[in-house]
Amino acid sequence: MIDQILKDLFPLNRSLSGEDNRKTLAYLQNLIPLRVLEFPSGTSAFDWTIPPEWNCRGGWIRNSHGEKLIDFEESNLHIMSYSVPVHKTMSLEELKPHLHYLENLPEAIPYRTTYYKRNWGVCVTYNQFQEKFSAGDYEVFIDSELNERGSLVAGEILVPGKSKKEILISTYFCHPSLANDNLSGVVLTALLGRELMQRQNYYTYRILFLPETIGPIAYGSRNPEILKKAACALVVTTVGGPGKLGYKQCFDPKHRLNSLVEMALSKHEPDFITYPFDVHGSDERQYSSPGFRIPSVSITKDKYYEYPYYHTSLDNLDFVRPEALEKSYRAYLDLMDILEKDLVYQRVEPHGEVMLSKHGLYPDTGGALIPGRSSDEELDTLLNFLFEIDGNTSLVKIAEKLNIPVNDLSKLAATLNEAGILKEAEEEG
Amino acid sequence: MIDQILKDLFPLNRSLSGEDNRKTLAYLQNLIPLRVLEFPSGTSAFDWTIPPEWNCRGGWIRNSHGEKLIDFEESNLHIMSYSVPVHKTMSLEELKPHLHYLENLPEAIPYRTTYYKRNWGVCVTYNQFQEKFSAGDYEVFIDSELNERGSLVAGEILVPGKSKKEILISTYFCHPSLANDNLSGVVLTALLGRELMQRQNYYTYRILFLPETIGPIAYGSRNPEILKKAACALVVTTVGGPGKLGYKQCFDPKHRLNSLVEMALSKHEPDFITYPFDVHGSDERQYSSPGFRIPSVSITKDKYYEYPYYHTSLDNLDFVRPEALEKSYRAYLDLMDILEKDLVYQRVEPHGEVMLSKHGLYPDTGGALIPGRSSDEELDTLLNFLFEIDGNTSLVKIAEKLNIPVNDLSKLAATLNEAGILKEAEEEG
Amino acid sequence: MIDQILKDLFPLNRSLSGEDNRKTLAYLQNLIPLRVLEFPSGTSAFDWTIPPEWNCRGGWIRNSHGEKLIDFEESNLHIMSYSVPVHKTMSLEELKPHLHYLENLPEAIPYRTTYYKRNWGVCVTYNQFQEKFSAGDYEVFIDSELNERGSLVAGEILVPGKSKKEILISTYFCHPSLANDNLSGVVLTALLGRELMQRQNYYTYRILFLPETIGPIAYGSRNPEILKKAACALVVTTVGGPGKLGYKQCFDPKHRLNSLVEMALSKHEPDFITYPFDVHGSDERQYSSPGFRIPSVSITKDKYYEYPYYHTSLDNLDFVRPEALEKSYRAYLDLMDILEKDLVYQRVEPHGEVMLSKHGLYPDTGGALIPGRSSDEELDTLLNFLFEIDGNTSLVKIAEKLNIPVNDLSKLAATLNEAGILKEAEEEG
């Protein structure tokens, strides 16, 4: 299924806005019941203004013999995103500032944009540039449109949980035919959302498909209170490459969220890569900004910036394989598990010890409460756990202190919860 | 005197409840005017229920020849505490699950209880078991009673101090003829209480004689506000063995109380033993529970669990000597001194320096304010002390910072208090 | 100019009080419009009482031949400060307890005082003592006066800044002809005040010329609320010696003020001396006292206690050179700069990123925003700075974190302030 989704969505000419963004959301709605949001062009969003809606129907360069040298039909990367319409014959010299290529990757078309500056551009491989362009006149045609009365679209879905505390899962879908950055993130987010919808969750999950940068800014400016209350944000990006799993840390290097991610990753990639927080990056830049300061992380597999094909036509479906994406998906699922298990409990009767025998909890034979432990070890864990539960300390923290797997402790908590000994700590506010 | 008290109280068949518990309290009332508390059987106490009152008038095993093999008259440890009444003839096979002995201590009768499970048992030495029991029939008689309309008794005394802040001194008296665990603790607590009653104390001391575990639970459930305001708890247990002094730490390993205990111990036993906090143990388990979290420590001399005769008939008055108990008593007295001296002072006039000459405090010749110091050293200490006194920092903390014995600083504080320069910091609330 | 001021003020016979103190303030009023404060003798001030006003018109010792051996006219140090009037002929034996000299500095007249004990004294060089005094009679004359209806004088000026937060600059002017301790501090403070008056400052500066110890106590007792709100205190003392720059730390060794001073000093004296806080010292003793606890530091150049000529007639204008004083002055000016720049900013729009291109702030060529940086480095710094500005973190702290000179960051902040992106964080209260 991953394979098919990738193939279906890869060819679309996504950008900050436009018809193919709408088509992408419509396609995703088959997987997950997204609500489509519209942010009208020209309206303001914090320090920004929503740009016009861009659409491109085609574009090419012909030489003086009328031969098409470059054609949007062959790759949507050929036309710089947000190019203004052009139809003009010009000399190579006049054309050159608008031609983009990469000498060090001669077979790759670079990916370029000009979102906030009226301009146009044509992106070609270095080989094309060398072989097809020489002194002479060229006819350039870009059949694009910048509609000041259009809008940016985004997708949102709320998966309600037991608690009103929200975890934000945010991905960006503004890149055209680039597989790792970020079709991979879009697909993983959709699958993750679908899975979460089938579960009973503790947290409420808010899943957002946005154009990068302007998307979270537009969304945040319309919904500042929603973002302010988010417990954390997972920014899903570049999760399908052949390289190692890694993660970008939260702006606070000591934040517990980092430990939880590491716990999830270590199962799948013992020597995962750690990328310290950096103000450069993806949408965590907005979520982490002074007005929000939402702890944000990204699990990645060939993180943006870090692989040579980044932002080129070689970031394609040869580079991104379903198995790789599946691996990242599993890591994210484990992170969900850990987040869901990291609850805070309190004892129903916090004074004195629990009378274990009354509750039938005095371990007779080992393994009943905690797999693989003797009854002595079980008693020891049980007493320690009951001692640590103070209504303030999360399960993962207690698990670390007692050196016991979170899963085991989570099951023990469930048993004690059923026995009426524990309950979830009341939420503030 | 210690010797006599030990001898008088040792033979009584204490348990969670019963006549000998009442007798023990009555005896202690000769030493210290305890108030007797009653907790009726069947009433609830936090997660627990007060058990029936148990009394045992006798018990024995006879062989088929009518010979008494085992007799409660010889040691009250022979009958498992809280044994239900039995009178029955049975085969060795039927008897065996009820016989308890220790192969590794063949001359010791083990101490066993069955407080919360209706059962009975006879505890014998391994030698007795080997020599006296073979295939055949045995007549077992236990003349006990479990009275659902009885009660648990406890002893309490409040020694009021200048401050309403309370220090809890808690000991357990639920063990029959076991000398170190915990007749030693009972005797030491009584002596400590008697001594405190003769002093002018800063703190108010609440002294409790309780059956272990259920005692603090019962007391706490009736008096939760009292426990919640306790500054700390001293759980007096196993203080009379021949081994080294040691102490069990507070649940917070960095708590100041630990330092104060170490200060007291180091005088008496330079290489005292430190037992880190553990959820297993004595009544600090209840005082430290999430609902109370009272910082609790125990000074010990052959701590429970740690000596081979623990919970056997060899924990007797050969093992516990008055001199040993006296040593623990001295250590506890020093701890009292330190606790009492660890006061918080403030300056009557906290602004600017004190004009020493006006108060006749400018050191002319050394040794007047602080023994063994030159006048320069005295001036230096005086100025530093007056600088540190900020109404928040306790005397022991300042003594540590200035590297001066607490006693010397305490005397200096008294001098400055008389001179009208210092006063005790006002208490909160 | 420094040279002239030093020469003009050096000869005056300053003390805790008296005409020459008034003259000194009058002279300083030519440099800086000080307000003169009077604290009447006999009135109380915290734990102290304001002493009588002292004046000394002359004094000498004559031998039995009528020869003047010692004369106040030659050095005002010859007469112990606060000496009561004397006119009496006495034997050497009777005189000796009143004679003060230094065997280890045979050419120096020591500086002695008897502020709070009625006494008199004559200070001489050891050479004088050896050569001029032998068995025989001596006529001693001290033409002094202790006026119980006099007063202590002090100078004060408030230099208002944008903020009402106050920085205290305090110096003492109670020493007679001693150049480093503390004519140097008096002169530096006057110059500093004059300079601050010509600037637009963020902080309000309160500049005080006081007699040491009793001065801050008297001032504080009349103005406790003023002292309580002071952000910090700079105690200006011993800033004109030939030795290395150094500073005495705040009572809290981790206080940021220490870092700011070190930042200022390291420019002028890479291996400056650090003197940890000590309860002995100058007027920081009063400002740091429990009732005030004002973070206080002193930049010094040959700190009191630390140079051999301390409190002797050799602490004169050969020892203190204008160039040395100038160096300390520059260090203090840099400290002012750093204090003034250590502001807290917040973003006008704290949510999401700033749209740099809209504000014309997207670095095209390097060096425009931050000297000596490439456009990439500028962008990086700009983004990081905008990320760190959270309305709580001061500029110096951010500069340290981003490893960029405070001056550069301060200029960048000014640029962003003009662009309407930043504003100063609102003050509390």
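Guide: One definition before we look around: copies of a chain are superposed by least squares on the C-alpha atoms of residues with pLDDT of at least 70 in both. Keep in mind, too, that this is a predicted model.

Visitor: By what turn can chain C be laid on chain B?
Guide: The fit has an RMSD of 0.2 Å, and the shift along the axis is 0.2 Å. That is the relation of a three-fold axis. The turn itself is 121°.

Visitor: And what rotation superposes chain A on chain C?
Guide: Here the shift along the axis is 0.1 Å and the RMSD is 0.2 Å. The rotation comes to 120°.

Visitor: Which residue of chain C comes closest to the rotation axis?
Guide: Go by C-alpha positions and look for the one at 12 Å from the axis. In chain A, the residue that comes closest is K254(A), at 13 Å. In chain C, the answer is K254(C).

Visitor: What share of the residues of chain A count as buried?
Guide: Chain A has 13 helices and 18 strands, and its C-alpha trace spans about 95 × 40 × 35 Å along the principal axes. Buried means under 20% relative accessible area. Of the 429 residues of chain A, the share that passes is 60%.

Visitor: How many residues of helix α6 of chain C are buried?
Guide: This helix runs over residues 214-222 and is mostly covered. I214(C), G215(C), P216(C), I217(C), A218(C), Y219(C) and G220(C) are the buried ones. Out of 9 residues, that makes 7.

Visitor: Is F209(B) buried or exposed?
Guide: F209(B) sits in strand β12 of chain B, residues 204-210. Its C-alpha is 8.7 Å from that of I169(B), which is 40 residues away along the chain. With a relative accessible area of 0%, F209(B) is buried.

Visitor: How far apart in space are E400(A) and D137(A)?
Guide: E400(A) belongs to helix α12 of chain A, residues 395-402, and is partly exposed because its relative accessible area is 42%. In sequence, 263 residues separate E400(A) from D137(A). In space, C-alpha to C-alpha, the gap is 70 Å.

Visitor: How many salt bridges does the count come to over all chains?
Guide: Side chains of opposite charge can pair when their charged atoms come close. The cut-off here is a side-chain nitrogen of Lys or Arg within 4 Å of a carboxyl oxygen of Asp or Glu. Over all chains, the count is 81.

Visitor: Which residue forms a salt bridge with R118(A)?
Guide: The closest N and O atoms of this pair are 2.7 Å apart. The pair links distant parts of the chain, 30 residues apart: R118(A) is in the loop between β7 and β8 of chain A, and its partner is in the loop between β9 and β10. R118(A) is exposed at 54% relative accessible area, while the partner is partly exposed at 46%. That partner is E148(A).

Visitor: How far apart are the closest N and O atoms of E53(B) and R22(B)?
Guide: These two form a salt bridge. E53(B) lies in strand β4 and R22(B) in helix α2 of chain B, so the pair ties together parts that are 31 residues apart in sequence. E53(B) counts as buried at 6% relative accessibility, whereas R22(B), at 24%, counts as partly exposed. Between the closest N and O atoms there are 2.8 Å.

Visitor: With which residue does E284(B) form a salt bridge?
Guide: The closest N and O atoms are 2.6 Å apart in this pair. E284(B) is in helix α9 and its partner in strand β14 of chain B, so the bridge ties together parts 36 residues apart in sequence. E284(B) is buried at 2% relative accessible area, and the partner counts as buried at 2% as well. The partner is K248(B).

Visitor: Which residues are linked in a network of salt bridges with R35(A)?
Guide: Everything in this network belongs to chain A, so stay there and look for Lys or Arg nitrogens within 4 Å of Asp or Glu oxygens. Linked with R35(A) are E156(A), E166(A), R206(A) and K229(A).

Visitor: Which residues gather with E377(C) in a patch of negative charge?
Guide: E377(C) is found in helix α11 of chain C, residues 375-388. A patch takes residues with over 30% relative accessible area, and E377(C) is partly exposed at 40%. The others gathered on the surface with E377(C) are D278(A), D376(C) and D380(C).

Conventions. Residues are numbered from 1 along each chain as its sequence is written. Chains are lettered from A and ligands numbered from 1 in the order in which they are written. This is a predicted model: local features need pLDDT of at least 70, side-chain atom pairs count only at pLDDT 80 or more; totals for chains, interfaces and linings use all residues. Side-chain values use heavy atoms; hydrogens and water are left out. Patches are made of residues with over 30% relative accessible area and no salt bridge: like charges are joined within 9 Å, nonpolar side chains (Val, Leu, Ile, Met, Phe, Trp, Tyr) within 5 Å. Accessible areas come from the Shrake-Rupley method with a 1.4 Å probe; for residues, only the protein chains shown count as cover. Lys and Arg count as positive and Asp and Glu as negative; His and the chain ends are not counted. The place of a charge is taken as NZ of Lys, CZ of Arg, CG of Asp or CD of Glu. Helices (H or I, at least four residues) and strands (E, at least two) are DSSP runs, numbered from the N terminus. Buried means under 20% relative accessible area, exposed over 50%, partly exposed in between (1.4 Å probe, protein chains only).
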